[in-house]
Amino acid sequence: MRVLILEDNSRLRALTAGALRAAGFATDAFETLADARAAADTTAYDCIVLDLGLPDGDGMDLLEALRRRGSSTPVLLLTARDDKASVVQGLNRGADDYLRKPFDVDELIARIRALLRRPGTAFQTVLAEGNIALDPSERRAVVDGTAIDFSRREVGALEMLMRSSGRVVQKSALEEALYGYDEEVSVNAIEVLVHRLRKKLSGAGANREIVTLRGIGYLLAEPRP
């Protein structure tokens, strides 16, 4: 799952982005409205966390732009404003939730997960393929009823493959979903990640395997006879 954070306080931005990444989210964090708008125009986000007061504008402007173009991406507002009117205005203009600063990052993560569990969003259902089951909201995967210790990126890759069952997931799509803009990605990072995931699935007795289509991507499918 990929989250955009727009927050002009550098320390808060870094702490929040770090906590979200540790919780399993690919996270892009921006300081200015212009940078966040450019990212939102080119990248599909599962959730957006918006500060309101920014050096070059107001987070409300991005919220309104998203809603005008028909985006239903969940948006959570961060605000230092104490008056109820600002909160009401944000919710009326399309926000889904809000947190007042200062806030606890664990609460922020819980609220994001709650937003993603709403009908039609990414965490709504438990995914199942063969004897593999994945609960996106808990980032927990089991094979034949046994929980498997996957890293956050392994779980992310498995989720994408399970959601695209029977269809190819391009290598570039995995890279975009699992790594933030400011994270360095080695040339063979995805190959190494898929190799580890494939080995863990096989070792756990999964009755699905990850097939590599060279130059194209990856496919979760039944083992070939």
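User: Which class does Glu-64 count as by relative accessibility?

Analyst: This is a predicted model, in which local features need pLDDT of at least 70 and side-chain atom pairs count only at pLDDT 80 or more, while totals for chains, interfaces and linings use all residues. Residues are numbered from 1 along each chain as its sequence is written, and side-chain values use heavy atoms, with hydrogens and water left out. Buried means under 20% relative accessible area, exposed means over 50%, and partly exposed is in between (1.4 Å probe, protein chains only). Glu-64 has 27% relative accessibility, so it counts as partly exposed.

User: Which residue meets Glu-64 in a salt bridge?

Analyst: A salt bridge is a side-chain nitrogen of Lys or Arg within 4 Å of a carboxyl oxygen of Asp or Glu. For Glu-64, the N to O distance is 2.7 Å, and the partner is Arg-93.

User: Where do the two residues of the pair Glu-64 and Arg-93 lie, and how many residues apart are they?

Analyst: Helices (H or I, at least four residues) and strands (E, at least two) are DSSP runs, numbered from the N terminus. Glu-64 is in helix α3 (residues 59-68) and Arg-93 is in the loop between α4 (84-92) and β7. The pair links distant parts of the chain, with a separation of 29 residues.

User: Which side chain meets Lys-101 in a salt bridge at 2.8 Å?

Analyst: Side chains of opposite charge can pair when their charged atoms come close. The side chain that Lys-101 meets, at 2.8 Å from N to O, belongs to Glu-7.

User: How many residues apart are Lys-101 and Glu-7?

Analyst: Lys-101 sits in the loop between β7 (97-100) and α5, and Glu-7 in the loop between β1 (2-6) and α1 (10-22). The pair therefore links distant parts of the chain, and Lys-101 is partly exposed at 24%. Glu-7, by contrast, is buried at 2%. The separation of the pair along the chain is 94 residues.

User: Which residue is linked with Glu-7 and Lys-101 in a network of salt bridges?

Analyst: The structure holds 13 salt bridges. Glu-7 and Lys-101 belong to a network of them, and the other residue linked there is Asp-51.

User: Which residue forms a salt bridge with Glu-154?

Analyst: The closest N and O atoms of this pair are 2.9 Å apart, and the partner of Glu-154 is Arg-196.
Glu-154 lies in helix α6 (residues 152-163) and its partner in helix α8 (residues 189-203), so the bridge ties together parts that are 42 residues apart in sequence. Glu-154 is buried at 1%, whereas the partner is partly exposed at 36%, and that partner is Arg-196.

User: How many of the 12 residues of α6 are buried?

Analyst: The helix α6 is mostly covered. Its buried residues include Glu-154, Val-155 and Leu-158. The count of buried residues is 9.

User: In what order do the 3 strands of the open sheet lie?

Analyst: Two strands pair if DSSP finds at least two bridges between them. Here 2 bridges join β12 to strand β14 (residues 217-221). The edge strands, each pairing on one side only, are β12 (169-170) and β13 (209-213). The pairing is antiparallel, and the order is β12-β14-β13.

User: What distance separates the C-alpha atoms of Val-105 and Leu-20?

Analyst: Val-105 is found in helix α5 (residues 105-116) and is partly exposed at 28%. Along the chain, Val-105 and Leu-20 are 85 residues apart, but the separation of their C-alpha atoms is 8.3 Å.
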